[in-house]
Amino acid sequence: MISNQILQTTIEGLKNIAHVDLCVIDTEGKILAGTFDGADKFIEAAVAFVDSPADSQVVSGCQFFKIFDEKQLEYVLLAYGDAEDVYMIGKIAVLQISSLLTAYKERFDKDNFIKNLLLDNLLLVDIYNRAKKLHIETDVRRVVYIIETTNDRDGNDLDRVRGVFKGRSQDFVTAVDEKNIIVVKEVDGDDSVEELGKTAQVIYSTFKGDRGVHIAYGTVVGEIKEVSRSYKEARMALDVGKIFFEERNIVAYATLGIGRLIYQLPIPLCKMFIKEVFENKSPDDFDEETLITINKFFENSLNVSETSRQLYIHRNTLVYRLDKLQKSTGLDLRVFEDAITLKIALMVSKYMKYMEEMDF
């Protein structure tokens with residue numbers, strides 16, 4: 001159904017051109033839009049007109065018209081005046097609103113199709129049959145973006161994102177819930193992570209750098225039946241990004257690395273692994289200094305000299321900290337195998353903590 005605001009804008013535009021006052025009333029006699037005062041005096045006549053067999057008639061110096069949507073009566077249009085030119089403007093208004101009904105219905109059908117496609121609610125044969133009816137290409141390359149907005153959204157987030165893709169008929173913007181906006185974008189050329197990331201940056205910029213907004217995207221797929229896969233990848237990227245890349249507002253599925261594997265581990269297996277690595281201890285027992293040292297050591301690819309330089313400490317002080325960590329955990333971070341074990345253990349612990357908070 002067309003919004004009252006769109007109806008109002010449409011008839012105001014027609015009035016500005018033709019200088020004829022117009023009013024739109026629904027089949028129950030409610031005024032939805034109008035350009036002149038006193039239209040309420042025609043409500044009773046409009047309700048009576050709904051039940052009449054005529055498609056148009058003149059009542060008390062006002063032209064009445066019926067507007068249908070596939071033979072279903074939707075609105076009654078009033079054109080104020082009984083002259084021939086008023087009748088002509090009324091017919092033009094009917095045509096304009098009828099066209100809007102068709103366009104909005106097609107958009108609703110496409111929106112409904114895309115939602116069901118993302119959620120795997122369609123059989124394979126239905127995907128291709130409905131795509132053909134809706135004139136949606138089935139064999140073009142696409143990628144799915146998810147935009148998670150803040151809880152105090154102002155209701156204009158969907159329109160903001162749609163504005164980014166305005167004029168691109170093969171890109172689809174929809175919402176599956178009150179917090180997540182989905183973009184199914186056709187990929188024209190380069191499908192590198194960097195190029196896809198530029199689109200994410202454009203979307204993010206419409207929210208003016210709101211740190212509460214997170215964007216994730218999947219990989220490019222070649223057929224419409226695979227769009228749901230890209231959507232699932234984007235959803236995983238959104239969650240994994242919050243766990244392991246909290247400093248990022250934009251995360252690509254292709255850059256998740258080992259975090260993607262850890263995210264799919266069952267919690268009992270994670271607990272077993274943590275117990276094997278730390279015995280009766282926990283990564284939560286590490287003090288802030290130790291955690292900073294570990295993370296900086298990993299950032300610098302286990303390079304002692306560079307790590308000590310960035311931490312503004314003497315090389316021997318860093319060696320002392322690493323020796324101390326080895327005594328408490330049995331892991332020497334200067335040995336690659338021990339370093340990767342601790343790295344994975346810390347990530348697993350972070351994942352477990354996140355899942356516990358989600359359950360709570």
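## A word on contact

Throughout this report, contact means that heavy atoms lie within 4.5 Å of each other. With that in hand, we can start with one helix pair: in α10, I292, T293, K296 and F297 meet V304, T307, Q310 and L311 of α11. Please keep in mind that the model you are looking at is predicted.

## Overall shape

Let's step back to the whole chain. The protein contains 13 helices and ten strands. Its C-alpha trace spans about 100 × 45 × 40 Å along the principal axes. The radius of gyration is 30 Å, whereas a compact globule of 360 residues would have one near 21 Å.

## The sheet from β1 to β5

Five strands, in the order β2-β1-β5-β4-β3, make an open sheet with antiparallel pairing. At its edges are β2 (31–34) and β3 (56–59), each of which pairs on one side only. From one strand to the next, the twist averages 25 degrees. If you would like to look at one pairing in detail, try β1 (residues 22–26), which runs antiparallel to β2 and is joined to β2 by three bridges. There, I25 has I31 in β2 as its bridge partner.

Two helices lie over these strands. Helix α1 (residues 4–18) lies across β1, β2 and β5 (72–80), and runs at about 35 degrees to β2. Helix α2 (residues 43–50) lies across β1, β2, β3, β4 (62–69) and β5, with an angle of about 45 degrees to β4.

## The sheet from β6 to β10

A further open sheet has five strands in the order β7-β8-β6-β9-β10, and here the pairing is mixed. Its edge strands, pairing on one side only, are β7 (172–175) and β10 (250–252). Neighbouring strands of this sheet are turned against each other by 20 degrees on average, direction ignored. Both senses of pairing are easy to find: β7 and β8 are antiparallel over four bridges, while β9 (residues 214–217) and β10 run parallel, joined by three bridges. A hairpin of four residues connects β7 to β8, and A175 stands opposite I181 in β8. On the β10 side, Y217 stands opposite A252.

Helix α5 (residues 157–164) packs on this sheet, touching β6 (142–148), β7 and β8 (180–186), and its direction makes about 170 degrees with that of β7. Helix α7 (residues 227–244) also packs on the sheet; α7 touches β6, β8, β9 and β10, at about 35 degrees to the direction of β6.

## Helix α10 and its partners

Now back to the helices we began with. Helix α10 (residues 288–299) packs against helix α11 (residues 304–311) at an angle of about 130 degrees, with the axes 9 Å apart. Because of that angle, α10 counts as oblique to α11. The residues of this contact divide into four nonpolar, three polar and one charged. The crossing of α10 and α11 is right-handed.

Helix α10 also packs with helix α12 (residues 315–329), this time at about 105 degrees and with the axes 11 Å apart. Since angles of 65 to 115 degrees count as roughly perpendicular, α10 is therefore roughly perpendicular to α12. From α10, the contact draws on E289, T290, T293, I294 and F297; from α12, L318, R321, L322 and L325 take part. These residues divide into five nonpolar, two polar and two charged.

Key
Residues are numbered from 1 along each chain as its sequence is written. This is a predicted model: local features need pLDDT of at least 70, side-chain atom pairs count only at pLDDT 80 or more; totals for chains, interfaces and linings use all residues. Side-chain values use heavy atoms; hydrogens and water are left out. Two strands pair if DSSP finds at least two bridges between them. Axes are lines fitted to C-alpha atoms, for helices over the stretch in contact, and angles run from 0 to 180 degrees between N-to-C directions. Angles under 35 degrees count as roughly parallel, over 145 as roughly antiparallel, 65 to 115 as roughly perpendicular and the rest as oblique. A crossing is left-handed if the near helix is turned anticlockwise from the far one by less than a right angle, and right-handed if clockwise. Ala, Val, Leu, Ile, Met, Phe, Trp, Tyr, Cys and Pro count as nonpolar, Asp, Glu, Lys and Arg as charged, and the others, Gly among them, as polar. The radius of gyration is taken over C-alpha atoms; the globule rule is 2.2 Å times the number of residues to the power 0.38.
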